[in-house]
Amino acid sequence: MFRDFPLFPEAASSIAGDVDRLYWFLIAITGSATLLVMILVATFAVKYRRTPQNEVPVHEPENKYLEYAWIIIPFIAFMAIYVWGAAVFFKINRPPDDALDVWVTGKRWMWKFQHVTGQSEINELHVPLGRPIRLTMASEDVIHSFYAPAMRVKKDVLPHRYTTVWFTPTKVGRFHLFCTEYCGTEHSKMIGSVVVLQPAEYQAWLAGGPTSSPVEEGEKLFTTFACNTCHMGEGLQQRGPVLDDLFGKPVRLRNGQTVLADENYLRESILNPQAKIVAGYDPIMPAFLGQVDEQQLIYLLTYIKSLSGEPADAGDGASASGPASGDVVPQTAPTGTQQTPSNAPAGPQAGTASPNQSR
Ligand code: CUA
């Protein structure tokens with residue numbers, strides 16, 4: 001009912017109703033408070049206007065009940081807003097476990113979508129009706145913001161870390177998609193569509209797409225960057241933590257802390273491995289910041305997730321065939337790591353002790 005009010009964009013996701021009801025509640029509370037103030041201003045202006053009989057206002061004794069009222073009533077109203085808002089907030093921020101994963105990369109000035117089944121698209125996001133969709137988003141350059149009004153989701157898309165949103169489409173159709181963070185000259189053109197298809201149509205759409213899955217691409221990169229030399233070996237030669245069954249689990253660090261192995265943890269551990277050293281291992285891994293781009297990160301993370309049995313979804317794909325399959329040239333030398341200091345744990349600054357120590 002409320003959703004059809006023309007003030008609001010079309011409502012096409014399962015949380016749209018929650019968001020709209022909360023919004024109406026806010027409007028009702030703030031609107032009635034505004035109205036009350038307006039009415040009192042007008043009434044009092046007339047009633048207590050200056051007259052010859054009323055030149056100086058008389059002193060009004062304090063009214064305890066009035067004071068209680070304007071403390072307690074707003075308190076209840078604000079607590080209601082808080083509790084209700086928090087409930088919707090948690091709902092919006094907790095994707096269901098069976099959500100379909102899509103990776104999103106924001107870039108001046110376009111949106112790139114990578115489906116776990118291999119399809120990728122630009123400025124269009126195809127999703128099936130009635131299925132929770134979880135977007136894991138990062139930016140290649142500046143801060144963008146992903147906004148799909150009909151889905152009632154909006155979240156900043158940042159460089160250097162992942163943010164997520166989810167929604168369950170409840171209507172078939174094509175819906176707007178905007179960037180809502182000013183990101184440069186063509187910010188206003190950084191727009192697109194969320195296309196919601198019937199599940200059968202969606203399957204057909206998937207079938208029309210390519211080719212090798214992100215899991216396979218990730219597995220290839222895993223060899224290219226020689227990750228397998230440390231993370232896959234057995235026994236003595238295994239110098240890095242095993243990645244099987246890692247995703248979603250707690251990881252104990254050298255400094256005694258425990259962190260959750262989520263997308264952001266994996267991302268950081270690839271780009272800047274020194275940030276969090278796993279207990280029992282040496283900080284010997286070179287940093288891949290600047291060598292692995294967003295797309296490659298998506299492939300690598302999808303692959304690592306697949307090692308934990310994370311479904312690559314919609315059927316096939318999950319070739320979680322374990323350690324680097326044999327047909328790739330066994331690379332003992334880390335060929336993909338030209339610019340990085342090699343595994344030799346030479347202290348980074350050792351060579352730079354410069355002549356100007358003496359003044
Ligand atoms: Cu991207 Cu504005």
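A residue counts as buried when its relative accessible area is under 20%. All views are taken from a predicted model.

**View 1. Two buried cysteines, Cys179 and Cys183.** Cys179 has a relative accessibility of 7%, under the 20% limit, and therefore counts as buried. Cys183 has a relative accessible area of 5%, so Cys183 is buried as well. A search of the whole structure gives 0 disulfides.

**View 2. The largest nonpolar core.** This core is made of 32 residues. Those with the most contacts inside the core are Phe222, Val251, Tyr265, Leu266, Ile270, Val292 and Tyr303. Helix H4 (214-224), helix H6 (263-271) and helix H7 (294-306) are the elements that each supply two or more residues. H7 gives the most, with 7 residues. Domain 1 (9-48 + 58-211) and domain 2 (212-359) each contribute at least three residues to the core.

**View 3. A further nonpolar core.** Apart from the largest core lies another one, of 31 residues. Trp111, Phe113, Met137 and Val157 are among its members.

**View 4. Helix H6 and what covers it.** H6 is mostly covered, with 7 of its 9 residues buried. The buried residues are Glu263, Tyr265, Leu266, Arg267, Ser269, Ile270 and Leu271. Of these, Tyr265, Leu266 and Ile270 also appear in the list of residues with the most contacts inside the largest core. The cover over the buried residues of H6 includes strand S1 (100-107), strand S5 (133-139), strand S11 (250-252) and strand S12 (258-260). Helix H7 is also part of that cover.

**View 5. The surroundings of Gln114.** Gln114 belongs to strand S2 (residues 110-115). Its relative accessibility is 3%, so Gln114 counts as buried. Leaving aside neighbours within four places in sequence, Gln114 is in contact with Val102, Trp103, Gln119, Ser120, Pro214, Gln295, Ile298 and Tyr299. Ile298 lies 184 residues from Gln114 in sequence, while their C-alpha atoms are 8.2 Å apart in space.

**View 6. Polar contacts of the Gln114 side chain.** The side chain of Gln114 makes a polar contact with the side chain of Gln295, at 2.7 Å. The Gln114 side chain also reaches the backbone oxygen of Gln119, at 3.4 Å. Gln295 and Gln119 are both among the residues in contact with Gln114 in the wider list of View 5.

Note on methods: Residues are numbered from 1 along each chain as its sequence is written. This is a predicted model: local features need pLDDT of at least 70, side-chain atom pairs count only at pLDDT 80 or more; totals for chains, interfaces and linings use all residues. Side-chain values use heavy atoms; hydrogens and water are left out. A disulfide is a pair of cysteine sulfur atoms within 2.5 Å. Buried means under 20% relative accessible area, exposed over 50%, partly exposed in between (1.4 Å probe, protein chains only). A nonpolar core is a set of buried Ala, Val, Leu, Ile, Met, Phe, Trp, Tyr and Cys residues joined through side-chain atoms within 4.5 Å. Helices (H or I, at least four residues) and strands (E, at least two) are DSSP runs, numbered from the N terminus. Domain bounds come from an automatic or database domain assignment. Contact means heavy atoms within 4.5 Å. A polar contact is a pair of N or O atoms within 3.5 Å; within protein, one must be able to donate a hydrogen and the other to accept it, and residues adjacent in sequence count only if both atoms are side-chain atoms.
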